[in-house]
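Here is a short tour of two sheets and two acidic residues, written for someone who likes to see the cut-offs. Please keep the model open as you read.

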Amino acid sequence: MTHAEGALSGIRVLDLSRVLAGPWAAQLLGDLGAEVVKVERPGAGDDTRTWGPPFVRDGQGEPTTDAAYYLCTNRNKRSITVDMQTPEGQRLLQELAQRSDVVVENFKTGSLAQYGLDYATLSALNPRLVYCSITGFGQTGPYAQRAGYDFLIQGMGGLMSITGQPDGAPGAGPMKVGVALTDILTGLYAANAIQAALHARARTGRGQYIDLALLDVGVACLGNQAMNYLHSGQAPQRMGNAHPNTVPYQDFPTADGHMILATGNDGQYARFCEAAGRPEWASDPRFARNTGRLQHRDVLIPLLRSATVQRSTADWIALLEKAGVPCGPINTIADVFADPQVRARGLQMAMPHAAGAEVALVANPIRMSDTPVQYREAPPQLGQHTRAVLHDILEMNDEDIDELQRKGALG
């Protein structure tokens with residue numbers, strides 16, 4: 001762990017969000033040095049605390065009430081429990097917002113106005129506030145009032161239409177990605193936008209409002225597939241693990257499993273053919289250039305498969321790495337965390353947890369030479385820091401805090 005000053009040291013984030021997209025953004029800001037105060041519902045907390053098993057284990061190895069899911073996106077935060085439905089809770093959160101640089105929320109469009117926690121209200125109290133709203137469909141448009149979930153967005157945003165086996169193949173049909181990718185990508189866009197708004201504030205002295213929608217992010221991240229459609233007029237189809245623009249770039253069977261072959265240019269393809277003992281496949285006019293390989297994909301891929309099944313995955317990787325041909329195994333997640341490169345990069349880490357044991361976490365992938373990522377706080381227990389935060393930020397005394405608890409404003 002490092003306690004060097006982080007890139008965002010001195011920035012305070014009030015995290016009103018829950019589940020994944022908003023908490024992912026706030027965790028990233030916290031990893032980069034920001035102070036993050038996570039506001040949770042008394043007695044319940046973030047929905048993902050119950051999304052188990054598996055659950056976090058305490059010092060005796062017994063499961064707690066916090067799910068492992070919650071751990072993935074709530075590091076470097078202090079948890080306070082505040083009931084925003086009470087007038088006292090609303091005033092408390094307004095005071096915290098006045099002393100914060102950033103608010104992150106992912107409530108349904110317009111719903112925070114009833115609590116006086118919307119951008120119009122909070123920016124009047126704190127004109128320097130950067131306020132980021134994350135919703136399924138954004139603040140405008142005919143779907144603005146709809147609830148949005150990652151699975152829905154993967155379908156509505158087109159991602160599922162290009163993910164899965166093609167029609168006619170075994171197991172054909174649209175398929176979602178195995179993690180809530182749109183949520184995570186939205187969190188990354190949110191953290192990027194927040195830092196840009198903070199940079200702008202340094203020049204103008206003004207905060208601003210950020211409107212982020214899962215659907216917008218899903219469409220923006222279609223990347224080359226969106227361009228393929230916009231410039232051809234033809235909607236891309238599901239292709240399994242094949243690539244729409246380069247061949248061969250997909251999975252291939254081996255003697256003991258599968259491997260990925262990812263040639264990105266004609267030279268890499270030719271080196272593969274040489275290593276496979278079939279140099280004629282590189283000189284064949286149908287396959288010598290990528291345009292031809294795309295046109296004759298249905299002929300070439302079975303030929304390549306007839307060769308790849310002759311060796312084991314490990315033998316192919318050793319042979320092709322020596323030849324400078326991009327390739328690799330298809331790892332399980334257990335394989336991933338046993339991989340020597342993953343181990344060397346320290347992507348699995350552990351932090352002491354308030355429950356009494358260390359909890360395993362996945363490290364932040366950002367490597368910065370001067371202001372490194374910080375690991376200050378394990379994901380907190382529900383309301384773990386309520387009293388400390390009110391002492392530290394609002395300079396409240398114990399009697400005032402006790403009174404708020406009696407009134408039901410705090411958990």
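The text below takes the sheets one after the other and then turns to the acidic residues.

This is a predicted model, in which local features need pLDDT of at least 70 and side-chain atom pairs count only at pLDDT 80 or more, while totals for chains, interfaces and linings use all residues. Residues are numbered from 1 along each chain as its sequence is written, and side-chain values use heavy atoms, with hydrogens and water left out.

Let us begin with the parallel sheet. Six strands make up this open sheet, ordered β5-β2-β1-β6-β7-β8. Strands are DSSP runs of E with at least two residues, helices are runs of H or I with at least four, and both are numbered from the N terminus. Two strands pair if DSSP finds at least two bridges between them. The edges are β5 (78–81) and β8 (209–213); each has a single partner strand, so one side of each is left without a neighbour in the sheet. On average, neighbouring strands here are turned by 20° against each other, direction ignored. Within the pairing of β2 and β5, lysine 38 stands opposite serine 79 in β5.

The other sheet is also open, with three strands in the order β9-β10-β11 and antiparallel pairing. Its edges are β9 (249–254) and β11 (327–329), each with a single partner strand, so one side of each has no neighbour in the sheet. The twist from one strand to the next averages 30°. Glutamine 250 stands opposite leucine 261 in β10.

Here are the two strand pairs side by side:

| Strand pair | Sense | Bridges |
|---|---|---|
| β2 (residues 35–40) and β5 | parallel | four bridges |
| β9 and β10 (residues 257–262) | antiparallel | six bridges |

Each sheet also has a helix lying across strands. Angles run from 0 to 180 degrees between N-to-C directions, with axes fitted to C-alpha atoms, for helices over the stretch in contact; contact means heavy atoms within 4.5 Å. Helix α3 lies across β1 (12–15), β2, β5 and β6 (102–105), at about 150° to β1. Helix α12 (residues 297–308) lies across β9 and β10, at about 40° to β9.

Now for the acidic residues. Glutamate 88 belongs to α3 (residues 87–98). Is glutamate 88 buried or exposed? Glutamate 88 is buried (under 20% relative accessible area, 1.4 Å probe, protein chains only). It has no salt bridge (a side-chain nitrogen of Lys or Arg within 4 Å of a carboxyl oxygen of Asp or Glu); the nearest side chain of opposite charge, arginine 91, is 4.1 Å away. Leaving aside neighbours within four places in sequence, glutamate 88 is in contact with Leu404, Lys407 and Ala409.

Aspartate 400 sits in helix α17 (residues 398–406). At 40% relative accessibility, aspartate 400 counts as partly exposed (between the buried limit of 20% and the exposed limit of 50%).

Key:
Lys, Arg positive; Asp, Glu negative; His and termini not counted.
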